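The following exercises are to be worked through with the sequence and the structure at hand. Each task is followed by a solution in steps.

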Amino acid sequence: MLLSHSRSPYKPRYVIKSKTSMIKKCKMKKLLWSWIILFNIHVNGMMMEFDEMEWFTVFNGTKVFQTQNDVFSEAKFPMVGLTLIQSAAAKGAVCLDGSLPGYHLHRGFGSGANNWLVQLEGGGWCDTIRNCVYRKTTRRGSSSYMEKEIPFTGILSDKAADNPDFYNWNRVKVRYCDGGSFSGDSENKAAQLQFRGKRIWLAAMEDLMAKGMRQAKQALLSGCSAGGLAVILRCDDFGKLFPPSTRVKCLSDAGFFLDAIDVSGGRSLRRLYAGVVKLQNLQTNLPQYCVNRLNPTSCFFPQNLINQVKTPLFILNAAYDSWQIQESLAPKSADPSGSWNDCRLNYAKCSASQIQFLQGFRTRMVNLVKGFAMPSKNGVFLNSCFAHCQTERHDTWFAQNSPAIKNKGIAVAVGDWYFERGGAKLIDCAYPCDKTCHNLVFRR
């Protein structure tokens, strides 16, 4: 299983500074990871999500991740410890397996000491009892399997050179272990499953408020992928935590999942979402303004929510979202003949008709955000890249060669929007016009 960038300047070269035995060991580790993930997909029939931080963590087994233009190593980023929320159990705010939820907090300093950035972790969803039971045996469903410390990169970095606007803020990563984008509040006693995402959200916010977030002068709620969807769902709840004097905004990265038609004419993602909503009884926690006019499954799709969010919101998304292409537009279940196998894993191998299909997906995404982008309070960065999650990675967030639209990179665009410096509504031209993309291709 390999992660590769499509353009030659960004093709990663993995370097291990050790003896031959270490090289063999790391190769075996990668092979074992590949086998485990493929086995779990086959056995559990799961729709799995590969976010950027997962890949960073997996390849950190080599301790060095090097590209032609940059070098990433654990020494460069702060490793931040896991804090379990001890008060959560009494509130019934627990992971799928009943374990305590948690977060990683890196304290701010200097001018950012009273500012807070809270990031909601992503990691897909579970839509059946079988999938959720499996998920209990992973870090996505139990804090027992969570890393004790993780690197803070990208928007979570504490280096001004890597993260100019938020480096000295209090930065928090709330771990994701409910399988329902921090929205459920039910249980399945027979399967011993706790769907308590909404309670986890509340418990985490209460704990952070007690640790100083209550006095925040500025606050930003962010999240990637399933966490990006959670940002849209919880954005106004976050805004209500603070007095009017606090500048509060929300950033959804790769969370704009479309209710799109797949290559077979079906709606693969809708089927997944319908399972999540039914299993976790989400209709009671989805926005009332939406469920009053649409069915609950439709109210789990951002396209039906974003125009009603009152708190300022920024949507960052790749117009050719690599996860949506692989798991929503052209999943194997919708492509039994395998005609999309090459294209779904490497956009350079797409046929003219397949590119035309993907262009239709981009057009729909652009049309859906146009109305949202009109109010001055909202921001958009929609680049024509094949990627998924761009705030958490050092190379896509703020590096010399980061993706850009009209010469403005992602970190600069987000900062301009948050601090109201202007120019925060950026929609890219269609593929293949953008030569700044870090086109990330996942191979399994």
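**Confidence of the model**

The protein averages a pLDDT of 86, and 82% of the residues score at least 70. The model is predicted.

**Exercise 1.** Determine how many contacts beyond near neighbours in sequence the model has for residues 1-27, where the pLDDT is below 50.

*Solution.*
Step 1. Locate residues 1-27, over which the pLDDT is below 50.
Step 2. Leave out near neighbours in sequence; this stretch then has 66 contacts in the model.
Step 3. Treat residues 33-75 in a like manner: pLDDT stays under 50 there, and the model has 106 contacts beyond four places in sequence for them.

**Exercise 2.** State in which order the 10 strands of the open sheet are arranged, and which are the edge strands.

*Solution.*
Step 1. Follow the pairing from strand to strand, which gives the order S7-S4-S5-S8-S6-S11-S12-S13-S14-S17, with mixed pairing.
Step 2. Find the strands that pair on one side only: these edge strands are S7 (149-151) and S17 (425-427).
Step 3. Consider the twist: neighbouring strands of this sheet are turned by 20 degrees against each other on average, direction ignored.
Step 4. Examine one pair in detail. Strand S6 (residues 115-120) runs parallel to strand S8 (residues 170-174), and 5 bridges join them. Leu 117 has Arg 171 in S8 as its bridge partner.
Step 5. Add the helix: H5 (residues 226-239) packs on the sheet and touches S6, S11 (218-224), S12 (247-253) and S13 (313-318). The direction of H5 makes about 155 degrees with that of S11.

**Exercise 3.** Classify the aromatic pair of Trp 125 and Trp 323, and explain why this pair ties together parts that are apart in sequence.

*Solution.*
Step 1. Note that the structure holds 24 aromatic pairs.
Step 2. Take the geometry of Trp 125 and Trp 323: 5.7 Å centre to centre and 70 degrees between the planes, hence edge-to-face, as planes over 60 degrees apart count as such.
Step 3. Place the residues: Trp 125 lies in the loop between S6 and helix H3 (129-135) and Trp 323 in helix H8 (residues 322-329), so the pair joins parts 198 residues apart in sequence.
Step 4. Apply the cut-off for burial, which is under 20%. Trp 125 is buried because its relative accessibility is 4%; Trp 323, also at 4%, is buried as well.
Step 5. Extend the view to the cluster, in which ring pairs link Trp 125, Phe 257, Tyr 273, Phe 300, Phe 301 and Trp 323.

**Exercise 4.** Identify the rings over which Lys 249 lies.

*Solution.*
Step 1. Lys 249 lies over the face of Trp 417, at 5.1 Å from the ring centre.
Step 2. The charged end of Lys 249 also sits over the ring of Tyr 418, 5.5 Å from its centre.

Conventions:
Residues numbered from 1 in each chain as written. Predicted model: local features only at pLDDT ≥ 70, side-chain atom pairs only at ≥ 80, totals over all residues. Heavy atoms only, no water. Pairing = 2+ DSSP bridges. Helix = DSSP H or I, 4+ residues; strand = E, 2+ residues; numbered from the N terminus. Axes fitted to C-alpha atoms, helices over the stretch in contact; angles between N-to-C directions. Contact = heavy atoms within 4.5 Å. Phe/Tyr/Trp six-rings, centres within 6.5 Å; stacked < 30°, edge-to-face > 60°. Buried < 20%, exposed > 50% of the residue type's maximum accessible area, 1.4 Å probe, protein only. Lys NZ or Arg CZ within 6 Å of the ring centre and 35° of its normal. pLDDT = per-residue confidence, 0-100.
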